[in-house]
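The following paragraphs lead through one protein chain, beginning with a single cross-link and moving outward to the helices around it. Please keep the sequence and the model in view while reading.

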Amino acid sequence: MERSLCQHHRLLTTFLLVLVLVLVLAGAEAQSPGCKAPDPCDSQVLALLIGTCAGDLDHPSEMCCEGVVAAVGIRLGDTVEVPCLCRVAKEPYLGVMGLDIQSILRMYPTCDGVLPVGPGTAEACQGRV
């Protein structure tokens with residue numbers, strides 16, 4: 001019994017050492033100077049999510065709402081970068097699905113969006129992209 005316990009202890013110690021080594025290496029790789037953080041506004045992915053709402057803007061699915069809330073919320077009011085909403089609205093897929101920036105803004109309150117959006121929200125995208 002003591003030998004078995006000792007073997008389990010060694011295996012556990014080895015596992016923990018390997019786990020720590022993997023975490024250290026992963027952390028070092030993430031902090032590499034050439035490594036760039038992913039853009040939170042992947043306009044193509046968000047457009048695909050929002051595209052699932054086509055045909056039922058009054059009752060958007062949870063998947064659609066995730067795209068709508070993210071598209072409106074990321075960088076809204078940012079004066080330096082193009083707001084995510086503008087980038088998503090320019091995606092050709094939305095046009096193919098019969099959706100536009102007004103469709104996204106119309107669904108936003110239904111999707112429990114909490115940011116203040118109004119007529120000027122869409123206008124902020126004019127000439128930006």
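**Cross-links and helix packing**

The torsion about the S-S bond joining C41 and C84 is about 80°, so this disulfide is right-handed. C41 is placed in the loop between α1 and α2, whereas C84 belongs to helix α4 (residues 84-89), so the bond ties together parts of the chain that are 43 residues apart in sequence. The sulfur atoms of C41 and C84 are 2.0 Å apart. C41 counts as buried because its relative accessibility, 1%, falls under the 20% limit. C84 is likewise buried, with a relative accessible area of 0%. The model is a predicted one, and the values given here are computed from it.

The loop that holds C41 also holds D39, for D39 lies between α1 (2-30) and α2 (43-51). Is D39 buried, exposed or partly exposed? With a relative accessible area of 35%, D39 is partly exposed, because that value lies between the limits of 20% and 50%. When neighbours within four places in sequence are left aside, D39 is in contact with R75 and R87.

How many disulfides does a search of the whole structure find? The search finds four. With the bonded cysteines of the protein numbered in sequence order, their pairing reads 1-5, 2-3, 4-7, 6-8.

Another of these bonds joins C53 and C64, whose sulfur atoms are 1.3 Å apart in the model. C53 sits in the loop between α2 and α3 (62-73) and C64 in helix α3, so that distant parts of the chain, eleven residues apart, are linked. The torsion about the S-S bond of C53 and C64 is about -130°, and the disulfide is therefore left-handed. Both ends of this bond are withdrawn from the surface by the accessibility criterion: C53 is buried at a relative accessible area of 2%, and C64 is buried at 0%.

Helix α3 also supplies C65, which forms a disulfide with C111. The sulfur atoms of C65 and C111 are 2.1 Å apart. C111 lies in the loop between α6 (101-107) and α7 (119-123), so the pair ties together parts that are 46 residues apart in sequence. About the S-S bond of C65 and C111 the torsion is about -70°, so this disulfide is left-handed. C65 counts as buried at 13% relative accessibility, and C111 counts as buried at 9%.

The next step is from the covalent links to the packing of helices. How do α2 and α3 lie relative to each other, and at what angle do they pack? The two helices pack at an angle of about 135°, with their axes 7 Å apart. Because this angle falls between 115 and 145 degrees, α2 and α3 are oblique to each other. Their crossing is left-handed.

At this crossing, L46, L49 and I50 in α2 meet M63, C64, G67, V68, A70 and A71 in α3. By class, the contact of α2 with α3 has eight nonpolar residues, one polar residue and no charged residues. C64 thus has two roles in this account, because it is bonded to C53 and also takes part in the contact between α2 and α3. An α-helix has 3.6 residues a turn, so residues three or four places apart point the same way.

The buried residues of α2 are S43, L46, A47, L49, I50 and G51. L46, L49 and I50 are among them, and these residues also meet α3. What covers the buried residues of α2? The cover includes α3, α4, α5 (92-96) and α6.

Helix α6 contains S103. S103 is buried, with a relative accessible area of 8%. Apart from neighbours within four places in sequence, S103 is in contact with L57 and G98.

The view can now be widened to the whole protein. Its secondary structure comes to seven helices and zero strands, and the pattern read along the sequence is α-α-α-α-α-α-α. Buried residues make up 28% of the 129 residues. Of the contacts with a separation of 6 or more, 66% are between residues 24 or more positions apart.

Key
Residues are numbered from 1 along each chain as its sequence is written. This is a predicted model: local features need pLDDT of at least 70, side-chain atom pairs count only at pLDDT 80 or more; totals for chains, interfaces and linings use all residues. Side-chain values use heavy atoms; hydrogens and water are left out. Helices (H or I, at least four residues) and strands (E, at least two) are DSSP runs, numbered from the N terminus. Buried means under 20% relative accessible area, exposed over 50%, partly exposed in between (1.4 Å probe, protein chains only). Contact means heavy atoms within 4.5 Å. A disulfide is a pair of cysteine sulfur atoms within 2.5 Å. Axes are lines fitted to C-alpha atoms, for helices over the stretch in contact, and angles run from 0 to 180 degrees between N-to-C directions. Angles under 35 degrees count as roughly parallel, over 145 as roughly antiparallel, 65 to 115 as roughly perpendicular and the rest as oblique. A crossing is left-handed if the near helix is turned anticlockwise from the far one by less than a right angle, and right-handed if clockwise. Ala, Val, Leu, Ile, Met, Phe, Trp, Tyr, Cys and Pro count as nonpolar, Asp, Glu, Lys and Arg as charged, and the others, Gly among them, as polar.
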